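Here is a colleague's note to read alongside the coordinates. Please keep the structure open while going through the points.

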Amino acid sequence: DTAAESAMRIAAQIRAKVEAFRPADAAAMTISIGVCDVLGVQHLDQWLNLTDTALYLAKKNGRNRVELATSRAVPQEIPSPDRTVPEWR
């Protein structure tokens, strides 16, 4: 129940906290996050694909960042609504 702008802000805060966290015996950590607004998507698989595309875009654009899925990030082939989401998701 969070608008895309708020979700981006929250994701950026999470990313910054992970980057700032420095356990005594571990190397520095960073994360990349993909965000997608559920409004406008037709089914769960489309939403997951858009979010995953945004995540890979964040990695491609230099890692340790947050990217928002847009219509330009739509995968070429969106699975049909009858496809089920794997149990591990």
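Among contacts in the protein between residues at least 6 apart in sequence, what percentage join residues at least 24 apart? The figure is 56%. The points below start from there.

1. **Status of the model.** This is a predicted model. The average pLDDT of the protein is 81. A score of at least 70 is reached by 78% of the residues.

2. **Where to be careful.** Residues 72-81 have pLDDT under 50 throughout. For this stretch the model has 14 contacts beyond four places in sequence. Where pLDDT is low, predicted coordinates should not be read in detail. Please treat those contacts of residues 72-81 accordingly.

3. **Layout.** The protein has two helices and two strands. Their order along the sequence is α-β-α-β.

4. **Burial and surface.** The protein has 89 residues, and 26% of them count as buried. The exposed area is about 6500 Å². Carbon and sulfur atoms supply 53% of that area.

5. **Helix α1, dimensions.** Helix α1 covers residues 4-20. That makes 17 residues. From first C-alpha to last, α1 reaches 24 Å. This is close to the 24 Å expected at 1.5 Å a residue.

6. **Helix α1, buried side.** Which residues of α1 are buried? They are Ala4, Ala11 and Arg15. These residues sit on the same side of α1, because they cover an arc of only 40° around the axis. Their cover includes two strands, β1 (33-35) and β2 (66-68).

7. **Helix α1, opposite face.** Turn the helix away from its buried side and a face with exposed residues appears. Glu5, Arg9, Lys17 and Ala20 are the exposed residues carried there.

8. **Ala4.** This residue lies in α1. Is Ala4 buried or exposed? Ala4 is buried, as its relative accessible area is 9%, and the cut-off for burial is 20%. Leaving out residues up to four places away in sequence, Ala4 touches Asp37 and Leu68. The pair Ala4 and Asp37 is worth a look: 33 residues separate them in sequence. In space, their C-alpha atoms are 5.3 Å apart.

9. **Salt bridge in α1.** Side chains of opposite charge can pair when their charged atoms come close. The structure holds two salt bridges. One of them joins the side chains of Glu19 and Arg15, at 2.9 Å from N to O. How many residues apart are Glu19 and Arg15 in helix α1? They are four residues apart, so about one helical turn separates them. Arg15 is buried, with 17% relative accessible area. Glu19 counts as partly exposed, at 29% relative accessibility. Arg15 also belongs to the buried residues of α1 described in point 6.

10. **Salt bridge of Arg65.** Arg65 pairs with Glu67 in a salt bridge. The closest N and O atoms of Arg65 and Glu67 are 2.8 Å apart. Arg65 is partly exposed, with a relative accessible area of 31%. Glu67 is buried, with a relative accessible area of 12%.

11. **What to check on screen.** Start with the buried side of α1, at Ala4, Ala11 and Arg15. Look next at β1 and β2, which are among the elements covering those residues. Then inspect the bridge between Glu19 and Arg15, followed by that between Arg65 and Glu67. Leave residues 72-81, where pLDDT stays under 50, until last.

How values were computed
Residues are numbered from 1 along each chain as its sequence is written. This is a predicted model: local features need pLDDT of at least 70, side-chain atom pairs count only at pLDDT 80 or more; totals for chains, interfaces and linings use all residues. Side-chain values use heavy atoms; hydrogens and water are left out. Buried means under 20% relative accessible area, exposed over 50%, partly exposed in between (1.4 Å probe, protein chains only). Contact means heavy atoms within 4.5 Å. Accessible areas come from the Shrake-Rupley method with a 1.4 Å probe; for residues, only the protein chains shown count as cover. A salt bridge is a side-chain nitrogen of Lys or Arg within 4 Å of a carboxyl oxygen of Asp or Glu. The expected span of a helix is 1.5 Å times one less than its number of residues. The arc is that of the directions from the helix axis to the C-beta atoms. pLDDT is the predictor's confidence in each residue, from 0 to 100.
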